[in-house]
Amino acid sequence: GREVKRRVMIGTYVLSAGYYDAYYTKAQKLRTLIARDFTEAYKQCDVILTPTAPSTAFAIGEKQDDPIAMYLNDVFTVPASLAGLPGLSVPAGLGDDGLPLGLQLLGRPFDEETILRVAEVMEQAAGFTALPQTMS
């Protein structure tokens, strides 16, 4: 789709010869710092729970002409990707607008088993069965 192509093109631009040191090298240093922060956090816990997104889901195609809004909606999932951590989103209910909300579980590197187990417990405890209005 258009959004995937847009992100590939931005990545290609950032990695081009003229911008490699300006962006990629600095990003690698920042990535190391983020991973270090997560390593410190995991000395006190087994998983980290965060919102998946800052708002409820938006309709398919709704934001395709607003890439900034799409990027901002990814803000809570980016740190896990940068740090190389396993993460997954579990349903957490519906917002006031009747659209889905999610909670994200982040685990230690290569510890997918723990977040899968925690996600199962959360889903069973929540008993979330609602469907968005457009799907019911």
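**Notebook: helix H5 and the three-stranded sheet**

I began with the length of helix H5, whose 15 residues at 1.5 Å a residue should span 21 Å, and I found its end C-alpha atoms 21 Å apart, which agrees. I note here that I am working from a predicted model, and that the expected span takes 1.5 Å times one less than the number of residues.

I then looked at what surrounds H5. The helix, residues 112-126, lies across E1, E2 and E3, and I read its direction as running at about 10 degrees to E2. Just after H5 I came to Gly127, which takes a positive phi of about 60 degrees.

Next I traced the sheet, which I recorded as open, with three strands in the order E1-E3-E2 and antiparallel pairing. The edge strands are E1 (47-51) and E2 (87-94), each of which pairs on one side only. From one strand to the next I noted a twist that averages 25 degrees.

I went through the pairings in turn. Strand E3, residues 100-107, pairs with E1 in the antiparallel sense over five bridges, while the antiparallel pairing of E2 and E3 runs over seven bridges. As a reminder to myself, strands of a sheet pair through backbone hydrogen bonds, either parallel or antiparallel.

For the register I looked up individual partners. On the E1 side, Ile48 has Leu106 of E3 as its bridge partner, and Thr50 stands opposite Gln104 in E3. On the E2 side, I found Gly87 opposite Leu106 in E3, so Leu106 appears in my notes both as the bridge partner of Ile48 and across from Gly87.

I also followed the connection between E2 and E3, which form a hairpin with five residues between them. In that turn I marked Gly98, whose phi is positive at about 80 degrees.

Last, I returned to Thr50, which has its place in strand E1, and asked myself whether this residue is buried or exposed. Its relative accessibility is 18%, and because buried means under 20%, Thr50 counts as buried. Leaving aside its neighbours within four places in sequence, I listed Leu103 and Gln104 as the residues in contact with Thr50, and Gln104 is also the residue of E3 that stands opposite Thr50.

How values were computed:
Residues numbered from 1 in each chain as written. Predicted model: local features only at pLDDT ≥ 70, side-chain atom pairs only at ≥ 80, totals over all residues. Heavy atoms only, no water. Pairing = 2+ DSSP bridges. Helix = DSSP H or I, 4+ residues; strand = E, 2+ residues; numbered from the N terminus. Axes fitted to C-alpha atoms, helices over the stretch in contact; angles between N-to-C directions. Contact = heavy atoms within 4.5 Å. Buried < 20%, exposed > 50% of the residue type's maximum accessible area, 1.4 Å probe, protein only.
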